[in-house]
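Let's take a friendly walk through a protein model, one piece at a time. Keep the picture in view as you read.

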Amino acid sequence: MAELGRLLMYEASRDWLPTVTGEIQSPMAIASVEFVDPREPLAIVPILRAGLALAEHASSILPATKTYHLGLSRDEETLLPSVYLNKLPDKFPEGSRIFVVDPMLATGGTIVAALNLIKERGVDNKQIKVISALAAPPALQKLSEKFPGLHVYTGIIDPTVNEKGFIIPGLGDAGDRSYGT
């Protein structure tokens, strides 16, 4: 899960994050380089708990990020999300770019609730990228309707969800699978 997250974040970062040029001294000569501008505000918001596993290696490619935790759980009967932990700032700094990390996009309820909380803090759709391991059409449709211009990076799109809101064929509970519980 961690390696998949790192690869998806790398892909999502290309041509999106502001860069600066500079020079570094290599063992042989001075080299001109381009790298992500560390002065630009960049945040990762993993949806707890499974989002932590998918975001685990993010700092290896984006070392200047801040991480804000957001805990949402889904009622297994109504399929509606509820917030149990919100460590988002009152307002994100101007120009922030945010990776929202949620491994399973099934019905779309949890990710929509998370994105609404982030947008309330002054962030535009084009400043957000969603990272997921698996996605299903109901979630992608809901995201497309509610958040025009939002980009989703996922490992695979499975064909459907069942009556309990689980992705089919899916992989089960991503948090349980990641943490062996």
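Which residue in β10 is the bridge partner of Leu134? It is Ile156. Keep in mind that this is a predicted model.

**Strand β9 and its partners**

That pair is one part of a wider pattern, for β9 and β10 pair in the parallel sense over 6 bridges. β9 also pairs with β7, again in the parallel sense, over 4 bridges. Here Phe99 stands opposite Lys129 in β9. The strand β8 (residues 104-105) pairs with β9 as well, in the parallel sense and over 2 bridges. In that pairing, Met104 stands opposite Leu134 in β9. The table puts these pairings side by side.

| Strands | Sense | Bridges | Facing residues |
|---|---|---|---|
| β7 and β9 | parallel | 4 bridges | Phe99 and Lys129 |
| β8 and β9 | parallel | 2 bridges | Met104 and Leu134 |
| β9 and β10 | parallel | 6 bridges | Leu134 and Ile156 |

Helices link some of these strands. β8, α4 and β9 make a right-handed β-α-β unit. β9, α5 and β10 make a right-handed β-α-β unit too. Is β9 mostly covered or mostly open? It is mostly covered, with 8 of its 8 residues buried.

**The nonpolar cores**

Now look at the inside. In soluble globular proteins, nonpolar side chains tend to be buried together. The largest nonpolar core here has 25 residues, and Phe92, Val100, Leu115 and Ile118 touch the most other members. At least two core residues come from each of β3 (42-48), β5 (70-74), β7 (97-101), α4 (109-119), β9 (128-135) and α5 (137-146). Which of them gives the most? That is α4, with 6 residues.

Leu115 is a good residue to click on. Leaving aside neighbours within four places in sequence, Leu115 is in contact with Val100, Ile128, Val130, Leu143, Phe147 and Leu150. There is also a second, separate core of 20 residues, which includes Ile44, Ala106, Ile131 and Leu134. So you have met Leu134 before, as the residue opposite Met104.

**Helix α1, a helix with a buried side**

Helix α1 has 12 residues and reaches 16 Å from its first C-alpha to its last, close to the 16 Å expected at 1.5 Å a residue. Which of its residues are buried? They are Ala2, Gly5, Leu8, Met9, Ala12 and Ser13. These residues cover an arc of only 135 degrees around the axis, which puts them on the same side of α1. An α-helix has 3.6 residues a turn, so residues three or four places apart point the same way. The buried residues of α1 pack against β3, α2 (50-55), α3 (58-61), β7, β9 and β10 (151-157).

**Two serines to compare**

Ser13 is found in helix α1 (residues 2-13), while Ser59 lies in helix α3. Ser13 has a relative accessible area of 12%, under the 20% cut-off, so Ser13 counts as buried. Not counting residues up to four places away in sequence, Ser13 touches Leu62 and Phe99. Ser59 has a relative accessible area of 48%, so Ser59 counts as partly exposed. From Ser59 to Ala113 there are 54 residues in sequence and 25 Å in space, C-alpha to C-alpha.

After α1 comes Asp15, whose phi is positive, near 60 degrees.

Conventions:
Residues are numbered from 1 along each chain as its sequence is written. This is a predicted model: local features need pLDDT of at least 70, side-chain atom pairs count only at pLDDT 80 or more; totals for chains, interfaces and linings use all residues. Side-chain values use heavy atoms; hydrogens and water are left out. A nonpolar core is a set of buried Ala, Val, Leu, Ile, Met, Phe, Trp, Tyr and Cys residues joined through side-chain atoms within 4.5 Å. Buried means under 20% relative accessible area, exposed over 50%, partly exposed in between (1.4 Å probe, protein chains only). Contact means heavy atoms within 4.5 Å. The expected span of a helix is 1.5 Å times one less than its number of residues. The arc is that of the directions from the helix axis to the C-beta atoms. Two strands pair if DSSP finds at least two bridges between them. A crossover is right-handed if, with the strands pointing away from the viewer, the path from the first strand over the helix to the second runs clockwise.
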